[in-house]
Each structure stands twice: as structure tokens, then as C-alpha cells.
Amino acid sequence: MAYQIRLENDEDFQDAMDRQSVLRIFRGDDLIESSVKIVRFDENRIVVQADISDMKYYSRQECEFFEQRQARR
């Protein structure tokens, strides 16, 4: 079973990027992206990638980012 962890600060984003975790991204109540990984980030935006040529940029202020993790058994 998977669960979600909200990414809120640079440490959270760095940890998710290092582990190449899969993310879900929301804007308001809408899911706008899923199954992407963080490529890089700064204080204003997060760069994610789904495929080799599919990179997208999202505002940290406008969006919410959640890491999907598998529950350990």
C-alpha cells in the first residue's frame, strides 16, 4: 500500500530527488501531474521529468508536492 508525504522544504525536496521518488503535484484541489521525478529545484520552482524529453516546471508557491512511498512490511 502506498502513502503520500507532503514536501515542504529544501530538505524534503532534496531527499525525494536523491531517492528518485515518484511525485504527485496538485494545484488547488486538482491533480495536475503524477508519476514524475524531481530533476532540480530552487526557492521558486521545481523541475520534474516523466520521460527523457518531458520536463516541466512548477511554482513552489502555487502547487503542492507529494512524494509517494510504499509502506514497509
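## Charges

Lys and Arg are counted here as positive and Asp and Glu as negative, while His and the chain ends are left out of the count. On that basis, the protein, which is a predicted model, carries 12 positive and 16 negative charges, and the mean positions of these two sets are 5 Å apart.

## Fold and dimensions

The secondary structure consists of one helix and six strands, and, read from the N terminus, these elements follow the order β-α-β-β-β-β-β. The radius of gyration is 12 Å, close to the 11 Å that the globule rule gives for 73 residues, so the protein is as compact as a globular protein of that length. Along its principal axes, the C-alpha trace spans about 35 × 30 × 20 Å.

## Burial and contacts

Of the 73 residues in the protein, 29% are buried, and the protein exposes about 5,200 Å², of which carbon and sulfur atoms supply 41%. When contacts between residues at least 6 apart in sequence are considered, 46% of them join residues at least 24 apart.

## The surroundings of Arg 60

Arg 60 lies in the loop between strand 5 (54-59) and strand 6 (64-70). Its relative accessibility is 16%, and because buried means under 20%, Arg 60 counts as buried.

The side chain of Arg 60 reaches the backbone oxygen of Asp 42 at 2.8 Å. With residues up to four places away in sequence not counted, Arg 60 touches Glu 8, Asn 9, Asp 10, Phe 13, Phe 41, Asp 42, Glu 43, Asn 44, Arg 45, Ile 46 and Phe 65.

Notes
Residues are numbered from 1 along each chain as its sequence is written. This is a predicted model: local features need pLDDT of at least 70, side-chain atom pairs count only at pLDDT 80 or more; totals for chains, interfaces and linings use all residues. Side-chain values use heavy atoms; hydrogens and water are left out. Helices (H or I, at least four residues) and strands (E, at least two) are DSSP runs, numbered from the N terminus. The radius of gyration is taken over C-alpha atoms; the globule rule is 2.2 Å times the number of residues to the power 0.38. Buried means under 20% relative accessible area, exposed over 50%, partly exposed in between (1.4 Å probe, protein chains only). Contact means heavy atoms within 4.5 Å. Accessible areas come from the Shrake-Rupley method with a 1.4 Å probe; for residues, only the protein chains shown count as cover. The place of a charge is taken as NZ of Lys, CZ of Arg, CG of Asp or CD of Glu. A polar contact is a pair of N or O atoms within 3.5 Å; within protein, one must be able to donate a hydrogen and the other to accept it, and residues adjacent in sequence count only if both atoms are side-chain atoms.
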